[in-house]
Amino acid sequence: MILDKNTAKKTAELLLQINAIKLRPENPFTWASGWKSPIYCDNRIILSYPIIRNYIREEMAKQLESLYGKPDVVAGVATGAIGIGMLVADYLGLPFIYVRPEPKSHGRKNQIEGRLEANQNLVVVEDLISTGKSSLNAVEALTNEGANVKGMLAIFNYGFDIAKENFETRDIELHTLGDYDHLIQEASETGYIKEEQLNTLLEWRKSPSTWHP
């Protein structure tokens with residue numbers, strides 16, 4: 001869910017400006033899932049732009065506090081959300097931890113890195129939501145350790161129906177700074193994409209798992 005439409009528009013503008021989001025309808029990307037996609041989002045590049053990363057950090061921190069109050073801990077999902085999650089935690093003066101996709105195979109075999117105590121309230125920070133599976137895997141790891149996950153805040157959401165279903169099934173509240181609809185609108189209004197490219201992006205959005213160029 002988008003909390004602030006102006007922030008969503010600005011987020012789309014900034015992500016396009018630094019090419020964190022690449023639109024390539026004529027030469028689609030292949031995701032790790034095997035899906036063909038005319039869009040690719042890599043929000044980690046935000047960390048290389050101080051002014052933009054500060055904007056994202058402050059907006060996420062403000063929305064997090066507005067939605068959930070100050071939790072005991074901020075958790076980032078490895079690896080994409082470690083950087084931005086740590087910045088948000090620092091801005092709010094809160095402890096930070098991060099969650100691996102699975103426990104390490106060596107050493108202490110941790111899946112959660114950092115100090116987490118049972119019954120602590122926390123908010124999970126993500127960089128990107130596609131199907132939501134990896135994000136919810138992190139939530140499961142945290143709740144298994146006794147944490148009280150109040151919700152999740154992400155930079156960008158593709159808005160897939162499967163993600164909505166996954167979060168509703170797990171009863172996890174999700175909010176994002178920006179989303180696919182605001183991105184496409186911004187890209188179209190600013191001439192970043194042509195009309196035929198817009199049509200391709202809209203078609204892909206209807207059924208991303210079966211779409212082919």
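These are my notebook entries on a sheet, the helices lying across it and one proline in a predicted model.

**Entry 1: the sheet.** I began with the strand order, and I found an open sheet of 6 strands arranged as β7-β6-β5-β8-β9-β10, with mixed pairing. At its edges stand β7 (112–113) and β10, each with a single partner strand, so one side of each has no neighbour in the sheet. I then looked at how β9 and β10 pair, and I noted a parallel arrangement over 5 bridges, in which Ala-154 has Thr-176 of β10 as its bridge partner.

**Entry 2: strand β5.** Which strands does β5 pair with, and in which sense? I traced 4 bridges from β5 to β8 (residues 121–129), the two running parallel, and here Ala-75 stands opposite Val-124 of β8. With β6 (residues 96–99) β5 also pairs in the parallel sense, over 4 bridges, and Gly-76 stands opposite Tyr-98 of that strand. Following the chain through β5, helix α3 (residues 82–92) and β6, I recorded a right-handed β-α-β unit.

I next asked how many residues of β5 are buried. For residues 73–77 the count is 5 of 5. In a regular strand the side chains alternate between the two faces of the sheet, which made me check the two sides separately. Val-73, Ala-75 and Val-77 are buried on one side, and Val-74 and Gly-76 are buried on the other, so I wrote down that both faces of β5 are covered.

**Entry 3: helix α2.** I compared the length of α2 (residues 50–68) with what its 19 residues should give: at 1.5 Å a residue the expected span is 27 Å, and the end C-alpha atoms are 26 Å apart, which agrees. Directly after α2 comes Gly-69, whose phi is positive, near 70°.

What does α2 lie across? I found α2 across β5, β8, β9 and β10, running at about 145° to β9. Its buried residues are Ile-52, Ile-56, Arg-57, Glu-59, Met-60, Ala-61, Gln-63, Leu-64 and Tyr-68, and I noted that Arg-57, Glu-59 and Gln-63 are among them. The elements that these buried residues pack against include α1 (5–17), α3 and the strands β5, β8, β9 (148–157) and β10 (174–179). For α1 itself, I recorded that this helix lies across β9 and β10 and runs at about 55° to β10.

**Entry 4: α2 against α3.** I looked up how these two helices pack, and I obtained an angle of about 65° with the axes 9 Å apart. The crossing is right-handed. On the α2 side the contact is made by Arg-53, Ile-56, Arg-57, Glu-58, Met-60, Ala-61, Lys-62, Leu-64 and Glu-65, and on the α3 side by Ile-84, Leu-87, Val-88, Tyr-91 and Leu-92.

**Entry 5: Pro-71.** This proline is found in the loop between α2 and β5. Is Pro-71 buried or exposed? I read a relative accessible area of 4% for Pro-71, and because buried means under 20%, this residue counts as buried. Setting aside neighbours within four places in sequence, I listed its contacts as Leu-64, Leu-94, Asn-121, Leu-122 and Val-123. Of these, Leu-64 had already appeared in my list of buried residues of α2. Lastly I took the separation of Pro-71 from Ser-207, which is 136 residues in sequence and 37 Å in space, C-alpha to C-alpha.

Methods
Residues numbered from 1 in each chain as written. Predicted model: local features only at pLDDT ≥ 70, side-chain atom pairs only at ≥ 80, totals over all residues. Heavy atoms only, no water. Buried < 20%, exposed > 50% of the residue type's maximum accessible area, 1.4 Å probe, protein only. Pairing = 2+ DSSP bridges. Right-handed = clockwise from strand over helix to strand, strands pointing away. Expected span 1.5 Å × (residues − 1). Contact = heavy atoms within 4.5 Å. Axes fitted to C-alpha atoms, helices over the stretch in contact; angles between N-to-C directions. Left-handed = near helix turned anticlockwise from the far one by under 90°.
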